Amino acid sequence: MIDIILKKGKEKAVLQRHPWVFSGAIEHVKGKPANGDIVKLINAKGDFVAYGFYNDQSRVALRLLEWDESVAVDEDWFRHKVADAVAGRNELLSTGATNTCRLIFSESDYLPGLIVDKYADHLAVQVLTSGIEKMMPVIIDELQRLLNPKSIFDKSDASSRQHEGLETTNVVLLGDAPPESVEVKENNILYNINIAEGQKSGFYCDQRDNRRIVAGYTKGKKVLDCFSYTGGFTLNALQNGAASVTSVDSSALAIETLKENIKLNKLDAGKHTAIQSDVNKQLRAFKDCGELFDIIVLDPPKYAPSRSALDRAARAYKDLNRLGMLLLNSGGLLATYSCSGAMDLETFKQVIAWAALDAGKQVQFINQFCQPEDHPVRSSFPEGEYLKGLLCRVV
Ligand code: SAH
């Protein structure tokens with residue numbers, strides 16, 4: 001195994017079990033490890049620090065796996081980590097109300113670069129590091145042993161793979177290609193998922209709890225679900241007795257699937273309006289014609305992909321939320337989210353305060369939202385926390 005020597009003074013974070021070592025923190029590489037090889041990290045004094053995946057193509061040159069020198073990071077090590085992550089979701093899946101979730105969440109489940117999502121009997125994986133790519137035969141075998149899925153489909157995100165110097169993939173890893181439409185259940189609501197063509201790996205299961213919480217406020221209310229995708233918030237609101245729900249999304253496939261999902265759940269299509277449009281444009285159109293709502297959900301895509309994009313993203317979040325606030329009846333509720341890891345909850349609150357001032361409204365924060373249990377945040381890896389939201393009463 002090849003030794004990687006850490007620069008003096010760069011030890012603090014890794015001793016606290018942060019799993020990333022940036023290339024700038026490396027003093028010396030003894031030998032020529034291949035990308036994805038498991039190497040040994042040594043401090044400036046020559047002591048063992050941790051084992052990790054090496055990749056000289058990535059800004060994160062080392063992704064640490066194991067801090068105990070006596071533990072072999074072999075096939076069994078990976079099998080155990082996969083099994084632990086899957087076992088961590090047992091409770092969530094045990095009631096039968098939900099059969100879709102994230103089974104493995106990368107660094108947060110001690111497997112840097114591996115994401116596995118469950119869609120009933122099918123799995124969608126994302127392989128985002130060269131180290132995990134090398135271990136995939138073992139990981140697939142373990143997933144098959146534990147879950148016996150009908151298919152495993154690789155739906156790796158192209159831009160993340162590029163950072164590691166990996167080619168784009170979209171291949172069947174096990175079984176047949178997943179069917180065009182897989183029916184799943186989340187909190188007893190049914191969804192058709194198109195694993196191959198849908199966004200992300202097919203579904204945004206990170207909003208599971210938040211959809212249910214927001215639905216609790218919607219009985220008899222006029223609801224606007226912005227960035228609806230295939231209808232997570234919409235379906236929960238309709239099922240909970242909303243008077244009407246309007247869903248807005250720019251994706252034709254999302255809107256089409258949302259309409260199918262309304263039928264699938266035998267919900268009243270007469271109470272639903274689907275609009276395929278840009279949200280900002282649509283909100284302005286509502287404003288121009290004076291249409292108001294009781295509850296508005298704003299769940300936009302990630303506006304800040306990195307810390308450097310934070311200022312621009314903050315302005316975009318502010319403009320969006322200002323518009324949302326202007327479309328609420330007095331005392332109405334705004335459920336607003338940010339899935340940008342670079343924006344923390346405190347900053348998001350400031351952005352909302354700023355939007356309220358601009359809109360000439362007063363806001364009370366009456367609830368806070370976060371990511372659910374199948375997207376754990378590892379205490380030594382705060383970067384795993386990305387989803388936050390606020391429930392605001394607006395007058
Ligand atoms: N709320 C959804 C998830 C939203 S994901 C759920 O519960 O499942 C973000 C969505 O925003 C995607 O469906 C994407 O198609 C849509 N989107 C991105 N930019 C948009 C824009 N400018 N206007 C409208 N929709 C947009």
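In which handedness of crossing does helix 6 pass helix 7? Here are some notes to help you find your way around.

1. A word on the model. This is a predicted model, in which local features need pLDDT of at least 70, side-chain atom pairs count only at pLDDT 80 or more, and totals for chains, interfaces and linings use all residues. Residues are numbered from 1 along each chain as its sequence is written, and side-chain values use heavy atoms, with hydrogens and water left out.

2. The helix pair. Helix 6 passes helix 7 in a right-handed crossing (the near helix is turned clockwise from the far one by less than a right angle; anticlockwise would be left-handed). Helix 6 covers residues 208-215 and helix 7 residues 232-239, and their axes come within 8 Å and cross at roughly 35°. Axes here are lines fitted to C-alpha atoms over the stretch in contact, with angles running from 0 to 180 degrees between N-to-C directions. Helices (H or I, at least four residues) and strands (E, at least two) are DSSP runs numbered from the N terminus.

3. What meets what. From helix 6, N210, R211, R212, V214 and A215 meet G232, F233, N236 and A237 of helix 7 (contact means heavy atoms within 4.5 Å). By class, this contact has 4 nonpolar, 3 polar and 2 charged residues. Ala, Val, Leu, Ile, Met, Phe, Trp, Tyr, Cys and Pro count as nonpolar, Asp, Glu, Lys and Arg as charged, and the others, Gly among them, as polar.

4. The ligand. Among the 16 residues around the ligand, Q199, R211, D249, D278 and D299 come nearest (a residue is near if one of its heavy atoms lies within 4 Å). R211 is also one of the helix 6 residues that meet helix 7. A polar side-chain atom of D278 is 2.8 Å from a ligand nitrogen atom, and for D299 the corresponding distance to a nitrogen atom of the ligand is 2.7 Å. V279 takes part through its backbone, with a polar atom 2.9 Å from a ligand nitrogen.

5. R161 and G131. R161 is found in helix 5 (residues 158-163), and it counts as buried because its relative accessible area is 1% (buried means under 20%, exposed over 50%, partly exposed in between, using a 1.4 Å probe and protein chains only). A polar atom of the R161 side chain lies 2.8 Å from the backbone oxygen of V127. G131 sits in helix 4 (residues 130-147) and is buried too, at 2% relative accessibility. Beyond its neighbours within four places in sequence, G131 is in contact with G36 and F53.

6. S58. Look for S58 in the loop between strand 5 (48-54) and strand 6 (60-66); at 7% relative accessibility, S58 is buried. Its side chain reaches the backbone nitrogen of V60 at 3.0 Å, and a polar contact of 3.4 Å joins the side chains of S58 and E164. A polar contact is a pair of N or O atoms within 3.5 Å; within protein, one must be able to donate a hydrogen and the other to accept it, and residues adjacent in sequence count only if both atoms are side-chain atoms.

7. Two backbone angles to check. N187 is not a glycine, yet has a positive phi of about 45°; N187 is in the loop between strand 12 (182-186) and strand 13 (189-193). K266, also not a glycine, has a positive phi of about 55°. N187 is partly exposed at 22% relative accessibility, whereas K266 is exposed at 75%.
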